[in-house]
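Got your viewer ready? Here's a short tour, one selection at a time.

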Amino acid sequence: MESDRAISRSDLRVVLRTEQFVSFVALTIFFASGFSALLYQVIWQRILGFFSGADVYSVTIIVAAYMAGMGVGSLTGGYLADRLSRRGNLILFAGVELGIALFALGSKGLYYDWLYRQNAHLASSPLLMVVILFVSLLIPTFCMGVSLPALARALTRSIEMAAGTIGALYGINTLGAAVGAGVTTWILLRQYSFETILQMGAAMNALVACTAFPLAWLLMRPRNAQPSQSASHPARQESPHADQESGRQLPVSVWIALYGLSGFIALSLEILWVRMLGVMLKSTAFTFGTLLTIFLGGLALGTFLGIRQAPRDRHPMRSFLLLQTGVIVFALIAPTAFVTQVGNTAWLAAFWRYFGGYDPLDVGRATAALTGLLLNPTALDAETQSLAQFFFLLYVMLPTLLIGLPTICMGMSFPMLQKIIQRDPDTLGRRVGWLQTSNIIGSMLGTLLTGLAALSWLGTPDSLRVIGALSGLFLALFAWGCLTHTRVRRATYVGSIVIASGLALIIPDAQTFWATLHGVPPSNAIVAEDNTGLALIKSGSSDFSRRAYVMSNGIGQSAIPYGWTHSVLGFLPTLIHPKPQTIAIIGLGSGDTLFHAGGRPETKELICIEIVGSQMDMLREMAQRREYPALLSILNDPRITYEITDGRSYIMQRGRTYDIIEADALRPNSAYAGNLYSEEYFRLVLNHLNPGGLAVTWVPTERVRTTFIQVFPHYVDFGDILIGSNAPIELDLQAIYQRLEDPFTREYYQRSGVNIKQWLDEYFVKRRPLASDPSAPPPRSRDTNRDLFPRDEFLVR
């Protein structure tokens, strides 16, 4: 008998060591799974943007489709998990990871080659486009959704361990997602093409699957040894929820609904944070990935803190409701305090100066400076050190200050909620699935309602006020379920109303909010906001009599009165073309390029395609503040049609041809700028030109120049402007001057006050444009911008 007992204990130790090893490996591979999931989201969103467009509507639908698939997968995975053994769940997890890997390998062919290059016309129907996006993302996101319930059921040995185990899985997966977003944005996209990055992700998922399959067999060995009752319940023998409050309890369905509301708030806040921080940082291609990294990192940190706290917490219901209240309180107080103090506090002066500037931070130079500061700080001069420090403050500390505490509270809520609702091991998988599905549905609704509706109807500050009102709901539930003294409960009810009202009242109005984040007094700014973006004009005087600068999502675009490169981009191709009847301009800004493109009487139609629709409202109000004939002209010219959508998608889907197509000057490292500087884009433009038509681009880098001249058989290089065509381009300066003398043209250009002849002399006489040589072989280089490798956008050297 004693010998049997010794063998049993020996076998038990082997089992426990095996369990610990399996848990460690499973957590490691689930980190990798989270890493690859965000890698895919970043890359698939970019590739699908070619098909659906890069405007807010399309991006929002893609995010919602991503979440919908994960929700269906979580719900299905929860039911499957409860019907399978622990080994069966590990096999299920390995299977879905392998499925993700196989899909990723074929996703470039599906999304880019087939959907975009062969069937782009399908996106011309908004309803059909939505259906296609949802269906095309269903398989991989469904598999991603299955993974958490399956792995949670496989690793949870007892109901007491549920909150810690599920929380650890959620936290490590979220941490992997945060690292994946950061590494993909700052490292992989600067080194590899989209296709290569997808192959890396597929290899990672395949490795996860190959590791999980043998774990499934290891988990059940030795076969005849099982943990004893004491091993399953190491802490205590009482009921799993004997330590929880004895007050009124909410049913599981209510907790699931509350977690859905939590998801709604989280994604609504994420959209508002992206809008606010995008303006503050003067958004570049690196901004969104950085913010996503900090957002997910806060969730992961909060989850790990919650795991430590949950076993000791005797009142998880109370903690969950207070944490959800904290999410909202911190989310509203942080930006309000910052906006209130940024213009009045000495240590925030660097931010105030940056907000008041026109150009975004030079990210390439700043990252090099930061690397030098970390590796060899003594070798840097004071200016470079200052640049590195400010880059760190702007891209790391400022977002952390604004979203750190709310996301930590979000993360801490998850283990608390698991402790509340996990009461039966037979339904563990389903309850994980229900919670995840509810949270994902709430997140999807938050994405759609806030991203597509609230920002247009209310704007950012008022949307924050609405979210602030929800804090009262969590406090009221806290009073109802957690407070037993009637007077205290009633006082808390009143307090919840006061707090919700106070949060709504402290937020500055939109005019003050956005003017401050552009470094000017409220009286010196005109603000317009909708779901497509934020447009603002600011001036050194409240009557706008001084030069006014047009800002789009925090970045300087152009100015009023008109002049400089934007004007030349407009009139140069218009005066060169012998008879420009139809012109398409991608980008509006101040309307400078658009106005100067319309100076010929032969022009019958100008189409302006702008992705930030609020710019129209901004310009209309500017026209009422300051009478500027050129601005009034573009607002009232019957030849002009405004299209609020993605410019590249518009050109491709409409299928018509033009005499002139050009994109207004766009910084090469702006988000999605690669879509308008790639070889494929220039070929698209070439294919949509009438015979002898002109394509125009600004030339911010040598790589753009190389890419352009490899596409167009005929081109003229003006230095910072390139004009290409499908036929030889005739440069007759005398004919151009004669066109300027046309009564319509002369009177038209007088409205802007720009000296056209002076600029013509600059570009034709001083710069001596270089025309292509038809007899010379076309240049060939591999160092170009491609759709799937936008080198300039991500600062590839």
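Before the first stop, a definition: two strands count as paired if DSSP finds at least two bridges between them. Keep in mind, too, that this is a predicted model.

**Stop one: a strand pair.** Select residues 548–552, which make up strand S3, along with strand S4 (555–560). Five bridges join S3 to S4, and the two run antiparallel. For one of the partnerships, click on Ser 552: its bridge partner in S4 is Ile 555.

**Stop two: the whole sheet.** Now widen the selection to the sheet that holds this pair. S3 and S4 belong to an open sheet of four strands, ordered S1-S2-S3-S4, with antiparallel pairing. Which strands sit at the edges? Colour S1 (525–530) and S4 (555–560): each of these pairs on one side only. Neighbouring strands here are turned against each other by 20° on average, direction ignored.

**Stop three: a cavity.** Leave the sheet and go looking for empty space. There are two cavities of 30 Å³ or more in the structure; our stop is the second largest, with about 40 Å³ of space. To see its lining, select Glu 270, Trp 273, Val 274, Phe 288, Leu 291, Leu 292, Phe 295 and Ile 403.

Which helices supply at least two of these lining residues each? Show H8 (252–281) and H9 (287–309). H9 gives the most, with four residues.

Finally, colour the lining by residue type. Seven of the residues are nonpolar, none is polar and one is charged; Glu 270 is the charged one.

How values were computed:
Residues numbered from 1 in each chain as written. Predicted model: local features only at pLDDT ≥ 70, side-chain atom pairs only at ≥ 80, totals over all residues. Heavy atoms only, no water. 1 Å grid on protein atoms, 1.4 Å probe; cavity = no way out; pocket = protein on both sides within 12 Å on 5 of 7 lines; lining within 4 Å. Points joined across faces, edges and corners; volume = space filled by probe spheres on them. Axes fitted to C-alpha atoms, helices over the stretch in contact; angles between N-to-C directions.
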